[in-house]
Amino acid sequence: MKSHLILIGAPGSGKGTQASKLVADGGFRHVSTGDLLRSEIAKKSDLGFEVKKVMDSGQLVSDELVIRLLQANIDLSKYNYIFDGYPRNIVQAQTLDREVLKGSSSLAVYFDINPNKLVERLANRRTCKNCGSIYNLVTKKPKIMGVCDECGASDLVQRPDDKEEVITNRLKVFSETVNPVLSYYQSHGRLVTVDAEANVEEIYTKISSKV
Ligand code: AMP
């Protein structure tokens with residue numbers, strides 16, 4: 001049986017792109033806590049409104065809320081998951097093991113990248129609101145400007161938290177919380193590091209060889 005995959009990396013380090021490729025290959029379901037939170041916002045509920053304020057500032061949403069959302073959207077008895085954006089801190093890493101994985105096999109993949117590259121990557125990132133495909137206005141332009149190559153929707157948008165002023169804060173939060181998470185997986189012998197500045201195919205080959 002395959003391991004679940006836990007993708008750890010700064011915003012813009014390429015986790016979503018690799019997750020899409022692995023899912024397209026079959027065998028995995030992708031669960032992104034950022035996407036789950038954005039759907040909560042789209043519902044325009046009171047909770048969504050609170051979540052939006054936190055996300056737009058680049059801070060982390062509360063551990064309790066995120067684990068609740070995650071638990072409600074996965075079924076480990078049926079699927080192997082790619083966890084994208086969870087865990088974000090050591091408490092979440094421990095909670096994932098204790099309350100979700102409960103001993104099922106899992107491997108953490110760290111997307112190692114020079115933070116200086118990320119501001120530009122994120123500022124140029126556009127996401128299809130309809131199907132979630134990710135583009136970069138410099139390195140991966142859509143064939144027709146503003147139109148998604150995958151689903152044809154004219155709905156390529158910049159996430160509110162990909163604006164330059166918020167990016168700096170998100171990167172700061174990431175760098176302040178990631179090391180204990182990496183040490184945790186390292187000490188359990190469950191950490192693989194990939195060079196997130198390599199090209200998409202090379203990274204994909206490395207990850208695939210581990211699962
Ligand atoms: P992402 O799409 O993974 O870049 O996440 C976007 C934003 O959602 C983050 O900046 C946080 O505000 C929130 N978020 C996503 N995942 C988590 C998590 N595991 N814990 C707390 N907040 C999260």
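How far is a nitrogen atom of the ligand from an N or O atom in the side chain of Gln92? In this predicted model, the separation between that ligand nitrogen and the Gln92 side-chain atom is 2.9 Å. Gln92 belongs to a wider setting: the ligand is surrounded by 16 residues, and the closest are Thr33, Arg38, Gln59, Gly85 and Gln92. Two further residues from this group also place polar side-chain atoms by the ligand. For Thr33, an N or O atom of the side chain lies 2.8 Å from a ligand nitrogen. Arg38, in turn, has a polar side-chain atom 2.9 Å from an oxygen atom of the ligand.

Aromatic residues offer a second topic to explore. The structure contains three aromatic pairs. One of them joins Tyr79 and Tyr81 in an edge-to-face arrangement, with 6.2 Å between the centres and 85° between the planes. Tyr81 also pairs with Phe83, and here the geometry is tilted, at 6.0 Å centre to centre and 40° between the planes. Together, Tyr79, Tyr81 and Phe83 make up one aromatic cluster. What of their exposure to the surroundings? Tyr79 counts as partly exposed because its relative accessibility is 29%. Tyr81 is buried, with a relative accessible area of 4%, and Phe83 is likewise buried, at 1%.

Charged side chains also meet aromatic rings in this model. The charged end of Arg29 is placed over the ring of Tyr79, 3.8 Å from the ring centre, so Tyr79 takes part both in this contact and in the edge-to-face pair with Tyr81, while being partly exposed at 29% relative accessibility. Elsewhere, Lys21 lies over the face of Tyr204, and the distance to the ring centre is 4.9 Å.

The strands can be followed next. Three of them form an open sheet in the order E6-E5-E7, and the pairing is antiparallel. Strand E6 (134–136) and strand E7 (156–157) are the edge strands, each pairing on one side only. Strand E5, residues 125–128, is joined to E6 by three bridges; within this pairing, Arg125 has Asn136 of E6 as its bridge partner. Two bridges link E5 to E7, again in antiparallel fashion, and Cys128 is partnered there by Leu156 of E7. Which residues cover the two faces of E5? Arg125 and Thr127 are buried on one side, and Arg126 and Cys128 are buried on the other. The hairpin of E5 and E6 has five residues between the strands, and in this hairpin Gly132 adopts a positive phi near 85°.

Finally, the cysteines deserve a look. How many disulfides does the model hold? The count is zero. Cys131 is in no disulfide, and its nearest cysteine sulfur, belonging to Cys148, is 3.7 Å away. Cys148 is also in no disulfide, with the sulfur of Cys131 as its nearest cysteine sulfur at 3.7 Å. A disulfide requires the two sulfur atoms to lie within 2.5 Å, so a separation of 3.7 Å does not qualify. The two cysteines sit in contrasting settings: Cys131 counts as partly exposed because its relative accessibility is 37%, whereas Cys148 counts as buried because its relative accessibility is 2%.

Technical notes. Residues are numbered from 1 along each chain as its sequence is written. This is a predicted model: local features need pLDDT of at least 70, side-chain atom pairs count only at pLDDT 80 or more; totals for chains, interfaces and linings use all residues. Side-chain values use heavy atoms; hydrogens and water are left out. Two strands pair if DSSP finds at least two bridges between them. Helices (H or I, at least four residues) and strands (E, at least two) are DSSP runs, numbered from the N terminus. Rings of Phe, Tyr and Trp (its six-membered ring) pair if their centres lie within 6.5 Å; planes under 30 degrees apart count as stacked, over 60 as edge-to-face and the rest as tilted. Buried means under 20% relative accessible area, exposed over 50%, partly exposed in between (1.4 Å probe, protein chains only). A charge sits over a ring if NZ of Lys or CZ of Arg is within 6 Å of the ring centre and within 35 degrees of the ring normal. A residue is near a molecule or strand if one of its heavy atoms lies within 4 Å of it. A polar contact is a pair of N or O atoms within 3.5 Å; within protein, one must be able to donate a hydrogen and the other to accept it, and residues adjacent in sequence count only if both atoms are side-chain atoms.
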